[in-house]
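Okay, thanks for coming, everyone. Let me put the structure up, and then I'll walk you through a few spots in it.

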Amino acid sequence: MRLTSDLYERIILAKQFMDANYHEPIDLQQVSGTAFLSRFHFHRLFTSVYKKTPHQYLTFRRIEKAKELLAENRPVKEVCQEVGFDSLPSFSSLFKKESGYAPQCYRNQAFRKKQQSAQAPRTVVPHCFLEMHKI
């Protein structure tokens, strides 16, 4: 199927809608409505453009935002709710599947890394960069 520029722009608008509203309980009907397409046609086009289903993309977007919030040492339950998950167990399971770490473990590691970089910035700069700039 050939994707016209009009269809492509509508798919982009729908993605932008998902980016702006990832924290809300949105469904395929709402997202496809922003592109003025049927759910099935939108799903097919979105997947062909982004190589992810709309649901996979929304989950990815929520997990990426959760990583940012966890790095700020925010409570896991609070992050779960803020990024749009209804259930803490499903959030934890998906987060671990996507990142390889449980949310609490990720939060602790990210926070420690942030503290370490503030206390001793040279320890987090790659050695090759230090050598290249003779630091």
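Let's start at cysteine 105, which is partly exposed, with a relative accessible area of 33%. On that scale, buried is under 20% relative accessible area, exposed is over 50%, and partly exposed is in between, with a 1.4 Å probe and protein chains only. Before I go on, the ground rules: this is a predicted model, so local features need pLDDT of at least 70, side-chain atom pairs count only at pLDDT 80 or more, and totals for chains, interfaces and linings use all residues. Residues are numbered from 1 along each chain as its sequence is written, and side-chain values use heavy atoms, with hydrogens and water left out.

Back to the cysteines. How many disulfides does a search of the whole structure find? Zero, where a disulfide is a pair of cysteine sulfur atoms within 2.5 Å. Cysteine 105 is in no disulfide, and the nearest cysteine sulfur, that of cysteine 80, is 18 Å away. Cysteine 80, for its part, is buried, at 2% relative accessibility.

Now the overall picture. The chain has eight helices and zero strands; these are DSSP runs numbered from the N terminus, H or I with at least four residues for helices, E with at least two for strands. The radius of gyration is 19 Å, whereas a compact globule of 135 residues would be near 14 Å. That radius is taken over C-alpha atoms, and the globule rule is 2.2 Å times the number of residues to the power 0.38. Along its principal axes, the C-alpha trace spans about 55 × 40 × 20 Å. Buried residues come to 30% of the 135 in the chain.

On to helix H4, residues 54–71. H4 has 18 residues and reaches 26 Å from first C-alpha to last, close to the 26 Å expected at 1.5 Å a residue; the expected span is 1.5 Å times one less than the number of residues. Its buried residues include Tyr57, Leu58, Arg62, Ile63, Ala66 and Leu70. An α-helix has 3.6 residues a turn, so residues three or four places apart point the same way. What covers the buried part of H4? Helices H1, H2, H3, H5, H6 and H7 are among the cover. Histidine 55 is in H4 too, but that residue is exposed, at 59% relative accessible area. Histidine 55 and histidine 43 are twelve residues apart in sequence and 9.3 Å apart in space, C-alpha to C-alpha.

Just past H4 we get to asparagine 73, with a positive phi near 70°. Asparagine 73 lies in the loop between H4 and H5 and is partly exposed, at 33% relative accessibility. Phenylalanine 36 also has a positive phi, of about 55°, although it is not a glycine. Phenylalanine 36 is in the loop between H2 and H3, and is exposed at 69%. For context, most residues other than glycine have a negative phi.

Last stop: arginine 74, which is in the loop between H4 and H5. Its side chain makes a polar contact with the side chain of glutamate 78, at 2.6 Å. A polar contact is a pair of N or O atoms within 3.5 Å; within protein, one must be able to donate a hydrogen and the other to accept it, and residues adjacent in sequence count only if both atoms are side-chain atoms. Leaving aside neighbours within four places in sequence, arginine 74 is in contact with Leu69, Val79, Glu82 and Arg107, contact meaning heavy atoms within 4.5 Å.
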